[in-house]
Amino acid sequence: SESRFQEIVKEVSNFCKKAGYNPKTVQLVRISGFNGGNMIEPLTNCPWDKGGDKESKVGKAWGKTVVEVMEAIDPPSRPVDKPLRLPLQDGYKIGGIGTVPDGRDETGSIKAGMVVTFAPANVTTEVKSVEMHHETLTEGLPGDNVGFNVKNVSVKEIRRGNVCGDSKNDPPKGAESFSAQVIVLNHPGQVGAGYAPVLDCHTAHIACKFAELQEKIDRRTGKSVEQSPKFIKSGDAAIVKM
């Protein structure tokens, strides 16, 4: 029914707002997964469902079905001009070929003949070939899930979570500390310095400690509201030194 749909729209919009998104840029679509309604073809039994629009970089985008909404998504610009950053998903030892790490290229490009460095393992080697879906590529670009064969590196020297970069163009390095914007969506108590959550960053999975709460911020505007808070709780956002 329309009243139930509007109730869900209100709840989801509030959640999007809490997570820091502008509800006007989020499109909500009514679908029937069981019958496939509004997936490709519009539903015929809901005359009140006129579709919806959202604000985008190029103006307002309208859509009623999932396909129309997906077609209206702003395509991201691929950061080809930035230094190579390729977080490893895994490394394989393949008979007759050797060590083949794989992962998703986030920035920059990777090509055969390039000398790469894996951080924080600090292993440097040459790329012999690059493949995607069993097809050889001249170069891997941002967004590509690639596997690449490397020279004289054991599969034990590299691991999931390592980052591959161009050794001649700002190679990746390990970091002792960094500042992060933290939003507490749901936590039973207060969070302060010394709290040690497990972070998932790309393919890395590692515990990091809150060293210092630098400032509490408004999560929608990003403006500072309090310097050096003692703790943060559910609903708060802060800049934290990890």
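Helices (H or I, at least four residues) and strands (E, at least two) are DSSP runs, numbered from the N terminus. With those names in hand, let's walk through this structure, which is a predicted model.

A good place to start is the second largest pocket, with a volume of about 320 Å³. Four strands, β3 (86-94), β4 (98-104), β7 (123-132) and β10 (145-150), each supply at least two residues of its lining. The biggest share comes from β10, with 5 residues. There are 15 lining residues, and those nearest the centre of this pocket are Val100, Glu131, His134, Gly147 and Phe148. By character, the lining divides into 7 nonpolar, 6 polar and 2 charged residues.

Two of those central residues are worth following further. His134 sits in the loop between β7 and β8 (135-137). Its phi is positive, about 65°, although His134 is not a glycine. Most residues other than glycine have a negative phi, and most peptide bonds are trans. His134 counts as exposed because its relative accessibility is 77%, and exposed means over 50%.

Phe148, in turn, leads us into the largest nonpolar core. This core has 16 residues, and Phe148 is among those that touch the most other members, along with Leu86, Ile110, Phe118 and Cys164. Strands β3, β6 (115-119), β7 and β10 each give two or more residues to the core. Take Phe118 as an example: beyond its neighbours within four places in sequence, it is in contact with residues including Leu88, Val123, Phe148, Ile158 and Cys164. Apart from this core lies another, of 11 residues, among them Ala180, Val184, Cys208 and Val240. In soluble globular proteins, nonpolar side chains tend to be buried together.

Now for the largest pocket, which holds about 880 Å³ of space. It is lined by 27 residues, with Pro120, Gly161, Cys201, Ala204 and Ile206 closest to its centre. Two strands, β14 (198-201) and β15 (204-207), give two or more residues to this lining, and β15 gives the most, with 3. Domain 2 (85-166) and domain 3 (179-241) each contribute at least three residues to the lining. Its residues divide into 13 nonpolar, 7 polar and 7 charged.

Pro120 deserves a second look: the peptide bond from Ala119 to Pro120 is cis, with omega near 0°. You will find Pro120 in the loop between β6 and β7.

Finally, look at the loop between β14 and β15, where His202 is found. His202 has a positive phi of about 55° although it is not a glycine, and its relative accessibility of 55% makes it exposed.

Terms used. Residues numbered from 1 in each chain as written. Predicted model: local features only at pLDDT ≥ 70, side-chain atom pairs only at ≥ 80, totals over all residues. Heavy atoms only, no water. 1 Å grid on protein atoms, 1.4 Å probe; cavity = no way out; pocket = protein on both sides within 12 Å on 5 of 7 lines; lining within 4 Å. Points joined across faces, edges and corners; volume = space filled by probe spheres on them. Nonpolar A, V, L, I, M, F, W, Y, C, P; charged D, E, K, R; others polar. Domains from an automatic or database assignment. Core = buried A, V, L, I, M, F, W, Y, C linked by side-chain atoms within 4.5 Å. Buried < 20%, exposed > 50% of the residue type's maximum accessible area, 1.4 Å probe, protein only. Contact = heavy atoms within 4.5 Å.
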